[in-house]
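Please walk through this structure with me, one step at a time. Keep the sequence and the model open side by side.

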Amino acid sequence: MESAKADEKLQMFFDGELSPQEEAELRRELEGSTENMAELRQWEQMREAMHGAAAEWTAKLDSDALFARIEAEVSAPELPSEVERAPVELRVVPGGRERRIWGGLATGFAAAAAIFLAVLAWPEEPGTTPLQMARGTEVVAVDFGANAGTVFEVEGGAGQPLAVIWIDDEEMGMP
Amino acid sequence: MLLGAWLYSGVASAQQTSLARSDRDATSSVPAEVLVVLAKEEEGKIDPQLKKLTALRRPPFNSFRSMKILSKPKLTLTPGKDEIVSLPNGRRLKLTLLRVMPDGRYKVRAAINRPNKSDYLPLLQVVASAGDPFFVAGQSYQGGTLVVGVTVDPQKTSK
């Protein structure tokens, strides 16, 4: 029981829910517990991984289009539901600490999953691409040999850069 | 926990799909077209097929007053395999698709030489997006200059 309380306190510390006094007290306690410190580090790593993944996915998200769609769906007339919602069954889950920790993680995963699925399932608008692809041509390596040469960049019809490699033709007797 | 595992497997599956697509792209062939143009500074006709290639009206090409298409061979580039195009001046253009980049562009190696010689352009590596040409110009031919355009384009049919 004591252990469960300590774990709950640790979880509250991780979530920033302790009072400054409690936090200071726990910090002092933690300095002597490698096990608790290791657990905290593990949670921190998981949180960072989730934040990283969420940031990456949201960066790719077309937020304007997403909000436009949400707005359209919110303002759409509500359809009458034909099926009565079944009453939610509640059950007691033993182990308050696990429920608390995994409940927090599950919420994080669910949010990340929702963003991830939204990115995957979001229909492309005609004429647009979700990720801007690089256009044009560019020289990455060139060896002019014994000749003199210049690399130009000329604008293509769509404004994209096109590579021009101009090499002076030294050989005079060519057919 | 299950949700985490499901999400992880979803991400892993998406990554595998993406990798599989990348691998497939990297080993499959892609059509390309080589445009061999004789450009001259003297007044003359511009081949109507070149009108849409607006790049040829801009520097360094804008000094040319006439342009004639000498050939327009289509070929298929396969990763790691050399494709040879004979040029009218006796040299040969060697093209090799090196790889498909993660962003979908194509890394292409080109060389222009006479058989068994390295007299003109020993090596050129270009990254090109589908449908966008790169040009190699400057070879003298019949009082003009050869302009060679290379376009990798999966939408073009080869040969």
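The paragraphs below go from chain A as a whole to a shared sheet, then to one threonine, and end with the aromatic rings.

This is a predicted model. Start with chain A. This chain has 5 helices and 3 strands. Follow the sequence and the pattern reads α-α-α-α-α-β-β-β. The helices of chain A thus precede the strands in that pattern. Chain A counts 175 residues, and 22% of them are buried. The exposed surface of chain A comes to about 12,900 Å². Carbon and sulfur atoms supply 55% of that area. Now look at the contacts within chain A. Take those between residues at least 6 apart in sequence: 50% of them join residues at least 24 apart.

Next comes a sheet that draws on both chains. Which strands does this open sheet hold, and in what order? There are 5 strands, in the order E1(A)-E7(B)-E6(B)-E5(B)-E4(B), and the pairing is antiparallel. The edges are strand E1 (137-143) of chain A and strand E4 (82-86) of chain B. Each edge strand pairs on one side only. Neighbouring strands in this sheet are turned against each other by 25 degrees on average, direction ignored.

Look at the place where the chains meet in this sheet. E1(A) pairs with strand E7 (residues 121-128) of chain B. The pairing is antiparallel and runs over 6 bridges. To find one point of this pairing, go to A:Glu138: the bridge partner in E7(B) is B:Val127.

Stay with the sheet and move to strand E5 (residues 92-100) of chain B, where B:Thr96 is found. Is B:Thr96 buried or exposed? B:Thr96 has a relative accessible area of 2%. The cut-off for buried is under 20%, so B:Thr96 is buried. The side chain of B:Thr96 makes a polar contact of 2.6 Å with the side chain of B:Asp82. Set aside neighbours within four places in sequence, and B:Thr96 is in contact with B:Gly80, B:Lys81, B:Asp82, B:Lys107, B:Val108 and B:Arg109. B:Asp82 thus appears both in the polar contact and in this list of contacts.

Now turn to the aromatic rings. A pair of such rings is described by the distance of the centres and the angle of the planes. How many aromatic pairs does the structure hold over all chains? There are 3. One of them is the stacked pair of A:Trp166 and B:Phe64, with 6.1 Å centre to centre and 10 degrees between the planes. A:Trp166 lies in strand E3 (residues 161-167) of chain A, and B:Phe64 lies in the loop between strand E1 (30-40) and strand E2 (66-71) of chain B, so this pair joins two chains. Both partners are buried: A:Trp166 has a relative accessible area of 17%, and B:Phe64 has 8%.

B:Phe61 and B:Phe135 form another pair. Why is this pair edge-to-face? The ring centres are 5.5 Å apart and the planes stand at 70 degrees; planes over 60 degrees apart count as edge-to-face. B:Phe61 lies in the loop between E1 and E2 of chain B, while B:Phe135 lies in strand E8 (residues 133-141) of chain B, so the pair ties together parts that are 74 residues apart in sequence. B:Phe61 is buried at 0% relative accessibility, and B:Phe135 is buried at 1%.

Finally, put the rings together. A:Trp166, B:Phe61, B:Phe64 and B:Phe135 form one aromatic cluster.

Technical notes
Residues numbered from 1 in each chain as written. Chains lettered and ligands numbered in written order. Predicted model: local features only at pLDDT ≥ 70, side-chain atom pairs only at ≥ 80, totals over all residues. Heavy atoms only, no water. Helix = DSSP H or I, 4+ residues; strand = E, 2+ residues; numbered from the N terminus. Buried < 20%, exposed > 50% of the residue type's maximum accessible area, 1.4 Å probe, protein only. Contact = heavy atoms within 4.5 Å. Areas by Shrake-Rupley, 256 points an atom, 1.4 Å probe, with all protein chains shown as cover. Polar contact = N/O pair within 3.5 Å; in protein donor to acceptor, adjacent residues only side chain to side chain. Phe/Tyr/Trp six-rings, centres within 6.5 Å; stacked < 30°, edge-to-face > 60°. Pairing = 2+ DSSP bridges. Axes fitted to C-alpha atoms, helices over the stretch in contact; angles between N-to-C directions.
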